[in-house]
Amino acid sequence: VQLQASGGGLVQAGGSLRLSCAASGSIFSMDRMGWYRQAPGKQRELVATITSGGSTNYADSVKGRFTISRDSAKNTVSLQMNSLQPEDTAVYYCNLDWTSYSGILYRNYWGQGTQVTVSS
């Protein structure tokens, strides 16, 4: 299984970006999906998660500005980021729990990161 993240880049404060992460491989079902980020010198932190049922959870710092969504048919998870601020600058990682056709649940599967830089 591979996770391919895209959509990062450089944006001015107040701008928007949309991140996408596509999973490929022998996936029976996508379970919890999420986005995390890691700024230089800081620990990786949760940004947002979404369950298979569509329940979402957000870090307080992004509530009202970021929206996570998923397309289970396409095995993708997206993060719409609005009103970006310099403190949102980080490498963003997608993360998921998934189940194989043999019924094995894999937790905390990480994709490669995508850089988001917000200039002031």
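**Figure 1. Aromatic pairs in the predicted model, with Phe-28 and Tyr-101 in close-up.** This is a predicted model, and the count of aromatic pairs in it comes to five. One of them is formed by Phe-28 and Tyr-101, whose arrangement is edge-to-face. The ring centres of Phe-28 and Tyr-101 are separated by 5.7 Å, and the angle between the planes is 70°. This pair links distant parts of the chain, since Phe-28 is in the loop between S3 and S4 while Tyr-101 is in the loop between S9 and S10. In sequence, Phe-28 and Tyr-101 are 73 residues apart. Both Phe-28 and Tyr-101 are exposed.

**Figure 2. The edge-to-face pair of Tyr-93 and Trp-110.** The planes of the two rings stand at 90° with the centres 6.4 Å apart, so Tyr-93 and Trp-110 count as an edge-to-face pair. Here too, distant parts of the chain are linked: Tyr-93 belongs to strand S9 and Trp-110 to strand S10, with their positions 17 residues apart in sequence. Tyr-93 has a relative accessible area of 15% and is therefore buried. Trp-110, with 35%, is partly exposed. Ring pairs join Tyr-93 and Trp-110 with Tyr-36 into a cluster.

**Figure 3. Arg-44 over the faces of two rings, Tyr-93 and Trp-110.** Arg-44 lies over the face of Tyr-93, and the distance to the ring centre is 3.7 Å. Arg-44 also lies over the face of Trp-110, where the distance to the ring centre is 4.5 Å. Both of these rings belong to the cluster that includes Tyr-36. Arg-44 is, in addition, among the residues in contact with Arg-37, which is the subject of the next view.

**Figure 4. The buried residue Arg-37 and its surroundings.** Arg-37 is located in strand S4. Its relative accessibility is 5%, and for this reason Arg-37 counts as buried. The side chain of Arg-37 makes a polar contact of 2.7 Å with the side chain of Glu-45. A further polar contact, of 2.9 Å, joins the side chain of Arg-37 to that of Tyr-92. When neighbours within four places in sequence are left aside, the residues in contact with Arg-37 include Gln-43, Val-47, Ser-61, Val-62 and Phe-66. Glu-87, Asp-88, Ala-90 and Val-91 are also among the contacts of Arg-37.

**Figure 5. The largest nonpolar core.** This core has 31 residues. Those with the most contacts inside the core are Trp-35, Val-47, Phe-66, Ile-68, Leu-79, Met-81 and Tyr-92. At least two residues of the core are supplied by each of strands S1 (2-6), S3 (17-24), S4 (29-38), S5 (45-50), S7 (66-71), S8, S9 and S11 (114-119). The largest share, five residues, comes from S9.

**Figure 6. Ile-68 and its contacts.** Ile-68 is one of the core residues with the most contacts inside the core. Apart from neighbours within four places in sequence, Ile-68 is in contact with Met-33, Gly-34 and Trp-35, among others. Its contacts also include Ala-48, Thr-49 and Ile-50, as well as Thr-56 and Tyr-58. Val-77, Ser-78 and Leu-79 are likewise in contact with Ile-68.

**Figure 7. The disulfide of Cys-21 and Cys-94.** The structure holds one disulfide. This link joins Cys-21 to Cys-94, with a sulfur-to-sulfur distance of 2.1 Å. The link is right-handed, with 45° about the S-S bond. Because Cys-21 lies in strand S3 and Cys-94 in strand S9, the pair ties together parts that are 73 residues apart in sequence. Cys-21 is buried, with a relative accessible area of 3%. Cys-94 is buried as well, and its relative accessible area is 1%.

**Figure 8. Positive phi values at Ser-83 and Asn-108.** Ser-83 is a residue other than glycine with a positive phi, near 50°. Ser-83 is placed in the loop between strand S8 (76-81) and strand S9 (90-99). With 37% relative accessibility, Ser-83 counts as partly exposed. Asn-108, also a residue other than glycine, has a positive phi near 55°. Asn-108 is found in strand S10, which covers residues 105-110. The relative accessibility of Asn-108 is 45%, so this residue counts as partly exposed.

Conventions:
Residues numbered from 1 in each chain as written. Predicted model: local features only at pLDDT ≥ 70, side-chain atom pairs only at ≥ 80, totals over all residues. Heavy atoms only, no water. Helix = DSSP H or I, 4+ residues; strand = E, 2+ residues; numbered from the N terminus. Buried < 20%, exposed > 50% of the residue type's maximum accessible area, 1.4 Å probe, protein only. Core = buried A, V, L, I, M, F, W, Y, C linked by side-chain atoms within 4.5 Å. Contact = heavy atoms within 4.5 Å. Disulfide = S-S within 2.5 Å. Polar contact = N/O pair within 3.5 Å; in protein donor to acceptor, adjacent residues only side chain to side chain. Phe/Tyr/Trp six-rings, centres within 6.5 Å; stacked < 30°, edge-to-face > 60°. Lys NZ or Arg CZ within 6 Å of the ring centre and 35° of its normal.
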